[in-house]
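Visitor: Could you take me on a close look at a single part of this protein? I am a first-year student, so please explain the terms as you go.

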Amino acid sequence: MSALAQGGQAAYVGSSTCEGCHAKEYETFTKHSRKAKSDKSVKLMARKLTPEEIKECYRCHTTGYGQPGGFESFEKTPDLGHLGCESCHGPGSAHVDSGGAKDKILGKGRLNLKHCEKCHNDPRVVNFRYKPRLYSGGH
């Protein structure tokens, strides 16, 4: 059974937890998605950034940064130091604890472009020329 975050909210469980039921999706994601390796980019850039700038990177390049039970640091929460399943699908503890109920995960497992705009908003798309690719490399 998974733990809940403060306030009884669903907590982040890490992508490796998803692998048990979603093996094919997990393998494809970890093997082909650049998101699954986003911690490497952040660590490379960190030397050149101020603490405030690096926090902005964490918002879109880690899992659950600034959320209860989400990424805190590479030392404290290494399993959340990259973008994982829960970056898009939301904290997974309630989904796991329910045996996989779709109503316990963001978008009931079916996301749309609106869900991507948290990170892939207009300023970021313009600045980084990186548009969301909802169905490519994800699963």
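Guide: Let's start with Tyr58 and Phe74, which are both buried (under 20% relative accessible area with a 1.4 Å probe, protein chains only; exposed is over 50%, partly exposed in between). This is a predicted model, where local features need pLDDT of at least 70, side-chain atom pairs count only at pLDDT 80 or more, and totals for chains, interfaces and linings use all residues. Residues are numbered from 1 along each chain as its sequence is written, and side-chain values use heavy atoms, leaving out hydrogens and water.

Rings of Phe, Tyr and Trp (its six-membered ring) pair if their centres lie within 6.5 Å; planes under 30 degrees apart are stacked, over 60 edge-to-face, the rest tilted. That rule gives five aromatic pairs. One of them joins Tyr58 and Phe74 edge-to-face, with 6.0 Å between centres and 80° between planes. This pair links distant parts of the chain, 16 residues apart: Tyr58 belongs to helix H4 (residues 51-61), while Phe74 sits in the loop between H4 and helix H5 (85-89). Helices here are DSSP runs (H or I, at least four residues), numbered from the N terminus.

Tyr58 and Phe74 also join Tyr65 and Phe71 in one aromatic cluster. Over the face of Phe74 lies Lys43, 4.7 Å from the ring centre; for such a placement, NZ of Lys or CZ of Arg must be within 6 Å of the ring centre and within 35 degrees of the ring normal.

The loop between H4 and H5 also holds Thr77. Thr77 counts as buried because its relative accessibility is 15%.

Conventions
Helices (H or I, at least four residues) and strands (E, at least two) are DSSP runs, numbered from the N terminus.
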